[in-house]
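Biologist: I'm new to this, so could you take me through the cysteines in this model, one step at a time? Please explain the terms as you go.

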Amino acid sequence: MASKLKKVCAALGFTGEVHLCRDILGFAGSKLPAAVVNTRPLPQLSLNQFIRLLRGRYFHVRLILAGSDLLNQSDRDVIDYAVFRLRDIYMQAGIGVGLVTQELRTSGNSAGHASVTSSTDIDNAGHDITDDGDFVPVVIPANMTVITMNADGTVTITLGRSPRPGPCSPRNKSGMNSSVVDFSGEEGSRTLAHEVGHFLGADHPTTAGTNLMAQTGSISGDPFTATTILGSDRTLMLGHCVMRSGIPGI
């Protein structure tokens with residue numbers, strides 16, 4: 001296993017000392033995170049399966065934390081849990097998640113998007129904050145509360161939004177260039193995986209279902225378990241430009 005990990009690190013561009021949990025798996029806390037809700041199963045991750053999936057098609061993710069100076073340790077733990085579930089959900093579909101990196105941008109360096117409070121704010125944050133490279137860019141504002149009162153008196157809470165499909169690098173679209181996700185609470189973990197799915201090209205299903213791409217409000221039952229990636233969506237995802245070919249020799 002140690003020799004395989006060394007090959008993986010080298011293939012991913014790392015030399016010298018590397019912290020697996022922090023530098024490659026994307027857990028800022030440098031360890032496998034705890035569940036956000038203690039009645040859920042404890043997070044587990046198979047390194048053998050992680051390496052195996054890197055032999056096939058996989059993608060990297062860049063999390064851009066807008067207003068990182070406003071986040072506390074609890075916030076960072078929730079984000080780490082979302083990273084775990086992103087990996088786990090795509091792993092179940094046989095799609096590899098390679099590097100997950102976290103880029104910290106202070107409030108003063110977040111183009112005014114550390115706080116997102118409207119639908120327009122989401123679109124602007126997804127346009128203004130991005131990075132170029134072969135990865136999925138995801139903006140995570142420090143504070144995001146977007147509530148819409150509908151004409152029929154119902155309330156819609158927007159947990160995330162993404163371009164579909166997301167643009168290849170360089171990212172200079174007039175619209176959204178990055179996904180935007182509200183990390184707060186356990187539901188943020190599914191939202192992250194869902195919005196990444198949009199960036200990779202998948203759309204909402206025409207009828208309500210319990211798969212990953214179903215909107216949270218249309219799911220019958222527990223959204224936590226609605227994480228299946230359908231074969232048709234998987235095909236779209238694997239065709240996106242950020243998808244990488246397998247690493248040989250691991």
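Modeller: Let's start with Cys-9, which is buried, at a relative accessible area of 14%. Here buried means under 20% relative accessible area, exposed means over 50%, and partly exposed is anything in between, using a 1.4 Å probe and protein chains only. Cys-9 is in no disulfide, and the nearest cysteine sulfur, that of Cys-21, is 12 Å away. A disulfide, by the way, is a pair of cysteine sulfur atoms within 2.5 Å. Cys-21 is buried too, with a relative accessible area of 19%, and Cys-21 is likewise in no disulfide.

A quick word on where this comes from: the model is predicted, so local features need pLDDT of at least 70 and side-chain atom pairs count only at pLDDT 80 or more, while totals for chains, interfaces and linings use all residues. Residues are numbered from 1 along each chain as its sequence is written, and side-chain values use heavy atoms, with hydrogens and water left out.

Now for the bonded pair. The rule gives a count of 1 disulfide, formed by Cys-168 and Cys-241 with their sulfur atoms 2.0 Å apart. Cys-168 sits in the loop between strand 8 (160-161) and strand 9 (179-181), and Cys-241 in the segment after helix 7 (231-238), so the disulfide ties together parts 73 residues apart in sequence. Helices (H or I, at least four residues) and strands (E, at least two) are DSSP runs, numbered from the N terminus. The torsion about the S-S bond of Cys-168 and Cys-241 is about -120 degrees, so this disulfide is left-handed. As for accessibility, Cys-168 is partly exposed at 39%, and Cys-241 is partly exposed at 34%.
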